[in-house]
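User: Please take a close look at one part of this model, the surroundings of the bound ligand. Walk me through what is there.

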Amino acid sequence: MLVTLEGLDGSGKTTVWEALHERYPDAVFTREPTNSWYGDAVYRSIEDDDADPLAELFLYTADHADHLSRVIEPALERGDLVISDRYSDSRFAYQGATLEAADGHGLADPLEYVVDVHRPFSIEPDLTIYLDLDPETAAARAGTTNKFERAEYLASVRDNYERLLERDPDRFVRVDATQSPEEVLEATTDVLAEAVGESR
Ligand SMILES: Nc1ncnc2c1ncn2[C@@H]1O[C@H](COP(=O)(O)OP(=O)(O)O)[C@@H](O)[C@H]1O
Ligand SMILES: Cc1cn([C@H]2C[C@H](O)[C@@H](COP(=O)(O)OP(=O)(O)O)O2)c(=O)[nH]c1=O
């Protein structure tokens, strides 16, 4: 079973993901960007304020393809529970917003384009937990250390996440990320326990 955690920078994904290690000791914990050299390339791009948005999309997507074949597919074939801190929806929301800000880069609907790029080869999560937080609080928590962590940009990323939730209401579960870390963890654990129970 593939579970993904999504949300704006600073929404508390990594905090929850780390706490879940203890609750699900047998699960495979993974993340995007990954710790491979593809992931290193992605982090170089994040630090580059002038990165071409389309080039950046394909760097992230290369990292995702490698993540699928090296980590996700083998784990799912073994029947493991996989919990990923960010996954394809981050690309749909973030690169959709970056391309949109670049006048769509000639694309009629950047978010749909990014979804289409993934469709032939990617694996859809069984469950996506969306940590919902307003962009101002998210940017403040994240510390605005990179180009993606500014409130204005995060507002358009959040709009994209809302589109994704609307088109896929059965896969997404929204968790209110303004709650305390303990409450966010409890809500996430409840959702996970139900989903894991159902899949047995
Ligand atoms: N529920 C919460 N309420 C307040 N602060 C939080 C909460 N969850 C995480 N934080 C803090 O916000 C910052 C970003 O959290 P993090 O888990 O790294 O978010 P993300 O992985 O989504 O970027 C960290 O300093 C973390 O301690
Ligand atoms: C996985 C992924 C991340 N990102 C962005 C979100 C983050 O600003 C940055 C690094 O991701 P991450 O290390 O998960 O940041 P955080 O823990 O602050 O949420 O990359 C994308 O734009 N597209 C993607 O596909």
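Analyst: Here is a tour of the site around ligand 1, followed by a word on the annotated domain. Keep in mind that this is a predicted model.

Start with the neighbours. Ligand 1 is surrounded by 13 residues. The closest are Gly-10, Lys-13, Thr-14, Thr-15 and Gln-179.

Now look at the contacts one by one. Gly-10 uses its backbone: an N or O atom there sits 2.8 Å from an oxygen atom of ligand 1. Lys-13 uses its side chain, with an N or O atom 2.6 Å from a ligand oxygen. Thr-15 also brings in its side chain. A polar atom of that side chain is 2.5 Å from an oxygen atom of ligand 1. Taken on its own, ligand 1 has 560 Å² of accessible area, and the protein covers 64% of that area.

What kinds of residues make up the shell? Three are nonpolar, seven are polar and three are charged.

Next, place the shell on the fold. Two helices each supply at least two of its residues: helix 1, spanning 13–23, and helix 8, spanning 181–199. Helix 1 gives the most, with three residues.

Finally, step back to the annotation. An unreviewed UniProt entry lists residues 5–186 as "domain: Thymidylate kinase-like". Across residues 5–186, the chain is 55% helix and 12% strand. The C-alpha atoms at the two ends of that stretch are 14 Å apart.

Key
Residues are numbered from 1 along each chain as its sequence is written. Chains are lettered from A and ligands numbered from 1 in the order in which they are written. This is a predicted model: local features need pLDDT of at least 70, side-chain atom pairs count only at pLDDT 80 or more; totals for chains, interfaces and linings use all residues. Side-chain values use heavy atoms; hydrogens and water are left out. A residue is near a molecule or strand if one of its heavy atoms lies within 4 Å of it. A polar contact is a pair of N or O atoms within 3.5 Å; within protein, one must be able to donate a hydrogen and the other to accept it, and residues adjacent in sequence count only if both atoms are side-chain atoms. Accessible areas come from the Shrake-Rupley method with a 1.4 Å probe; for residues, only the protein chains shown count as cover. Helices (H or I, at least four residues) and strands (E, at least two) are DSSP runs, numbered from the N terminus. Ala, Val, Leu, Ile, Met, Phe, Trp, Tyr, Cys and Pro count as nonpolar, Asp, Glu, Lys and Arg as charged, and the others, Gly among them, as polar. UniProt positions are given in the numbering used here, feature names are shortened, and annotations may be inferred rather than shown by experiment.
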